[in-house]
Amino acid sequence: MNTKNKILIAAFFISLVALLNSCASIPKNAKAVKNFDIDRYLGTWYEIARFDFRFEKDLDNVSAQYSLNEDGNVIVLNSGYNHKKAEWKKADGLAKFRGNKDVAELKVSFFGPFYAGYNVVALDENYQYALIAGKNLDYLWILSRTKSIPEEIKSNYLRIAEEIGYDTSKLIWVKHDRNDNPFLNEK
């Protein structure tokens with residue numbers, strides 16, 4: 001292979017990685033929470049609802065645990081019970097702020113250099129309930145510190161999601177009927 005071809009191939013891969021990393025953004029009509037305090041956000045969250053996608057296929061009893069590493073990035077431990085295979089699954093990831101740390105626009109990776117958007121677009125003042133937008137309208141989550149959410153919070157978050165452009169009829173409401181998650185509160 002000649003030098004020109006090597007340079008073109010290297011440029012292609014550099015462009016591809018840059019493109020994939022630049023895709024870690026926020027939907028057009030969404031606004032991330034400002035005055036965000038990552039220390040208050042850390043800890044365990046339960047997935048109340050989500051858009052289904054292949055990495056969470058057939059999972060219920062889903063939780064996410066967030067902690068900080070020594071670099072100030074967020075260590076992510078997602079876990080859930082695959083009810084079809086009758087086994088617990090987990091995924092370890094890393095989230096980084098895309099800009100200022102007081103704006104809840106992050107990017108998260110579970111697969112090396114490939115990041116996806118993780119944007120907190122609604123959050124109550126006590127950091128008990130959160131609405132998370134992905135990089136586009138294909139990714140949406142409702143999280144709670146407990147395994148349920150008050151009806152008024154649910155209605156408000158659904159309204160916000162619809163205003164952003166999400167089709168909330170596609171949400172899967174996650175069942176929480178188990179208390180034997182071996183990964184919960186794992187350090």
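This report describes the fold, the largest pocket, the salt bridges and some single residues of a predicted model.

**Overall architecture**

The chain has 187 residues, and 44% of them are buried. Its secondary structure amounts to three helices and nine strands. In sequence order the elements run α-α-β-β-β-β-β-β-β-β-α-β. Helix H1 covers residues 3-22, and helix H2 covers 38-41. Strand S1 spans 43-51. Helix H3 takes up residues 151-164, and strand S9 takes up 171-173.

**The largest pocket**

The largest pocket holds about 990 Å³ of space. Its lining consists of 41 residues, and those closest to the centre are Phe-53, Phe-55, Asn-78, Phe-110 and Trp-141. One helix, H2 (38-41), is among the elements that give two or more residues to this lining. The strands that do so are S2 (59-68), S3 (74-82), S4 (87-97), S5 (105-111), S6 (114-123) and S8 (140-144). By residue class, the lining splits into 27 nonpolar, seven polar and seven charged residues.

Phe-55, one of the residues closest to the pocket centre, belongs to the loop between strands S1 and S2. Its relative accessibility is 46%, so Phe-55 counts as partly exposed. Phe-55 also takes part in a nonpolar surface patch of about 320 Å², together with Phe-111 and Phe-114.

**Salt bridges**

Side chains of opposite charge can pair when their charged atoms come close. With a cut-off of 4 Å between nitrogen and oxygen, the model contains 12 salt bridges. The table lists some of them.

| Pair | Closest N to O distance |
|---|---|
| Asp-58 and Lys-84 | 3.7 Å |
| Lys-175 and Asp-60 | 3.9 Å |
| Glu-163 and Arg-159 | 2.9 Å |

What separates Asp-58 and Lys-84 along the sequence? Asp-58 sits in the loop between S1 and S2 and Lys-84 in the loop between S3 and S4, so their salt bridge ties together parts that are 26 residues apart. Lys-84 is exposed, at 62% relative accessible area.

The salt bridge between Lys-175 and Asp-60 links distant parts of the chain, 115 residues apart. Lys-175 is in the segment after strand S9, whereas Asp-60 is in strand S2. Is each partner buried or exposed? Lys-175 has a relative accessible area of 45% and is partly exposed. Asp-60 has a relative accessible area of 5%, and because buried means under 20%, Asp-60 is classed as buried.

Glu-163 and Arg-159 form a salt bridge within a helix. Both residues lie in H3, and because they are four residues apart, about one helical turn separates them. Glu-163 is exposed at 52% relative accessible area, while Arg-159 is partly exposed at 40%. Elsewhere, salt bridges with shared partners connect Glu-47, Arg-50, Asp-52, Glu-56 and Lys-57 in one network.

**Backbone angles**

Which residues other than glycine have a positive phi? Asn-35 is one of them, with a phi of about 55°. Asn-61 is another, with phi near 50°.

The surroundings of these residues can be set side by side. Asn-35 is placed in the loop between helices H1 and H2, and with 66% relative accessibility Asn-35 counts as exposed. Asn-61 lies in strand S2, and with 4% relative accessibility Asn-61 counts as buried. Strand S2 thus holds both Asn-61 and the salt-bridge partner Asp-60, because the strand covers residues 59-68.

**The segment after S9**

Val-174 is located in the segment after S9, as is Lys-175. At 11% relative accessibility, Val-174 counts as buried, whereas Lys-175 is partly exposed. The C-alpha atom of Val-174 is separated by 9.8 Å from that of Ile-142, and the two residues are 32 residues apart along the chain. Strand S8, which gives two or more residues to the lining of the largest pocket, covers residues 140-144.

Methods: Residues are numbered from 1 along each chain as its sequence is written. This is a predicted model: local features need pLDDT of at least 70, side-chain atom pairs count only at pLDDT 80 or more; totals for chains, interfaces and linings use all residues. Side-chain values use heavy atoms; hydrogens and water are left out. On a 1 Å grid over the protein atoms alone, a cavity is a set of points where a 1.4 Å probe fits but cannot get out, and a pocket is an open set with protein on both sides within 12 Å along at least five of seven lines; lining residues have an atom within 4 Å of a point. Grid points are joined across faces, edges and corners, and a volume is the space filled by probe spheres set on the points. Ala, Val, Leu, Ile, Met, Phe, Trp, Tyr, Cys and Pro count as nonpolar, Asp, Glu, Lys and Arg as charged, and the others, Gly among them, as polar. Patches are made of residues with over 30% relative accessible area and no salt bridge: like charges are joined within 9 Å, nonpolar side chains (Val, Leu, Ile, Met, Phe, Trp, Tyr) within 5 Å. Accessible areas come from the Shrake-Rupley method with a 1.4 Å probe; for residues, only the protein chains shown count as cover. A salt bridge is a side-chain nitrogen of Lys or Arg within 4 Å of a carboxyl oxygen of Asp or Glu. Buried means under 20% relative accessible area, exposed over 50%, partly exposed in between (1.4 Å probe, protein chains only).
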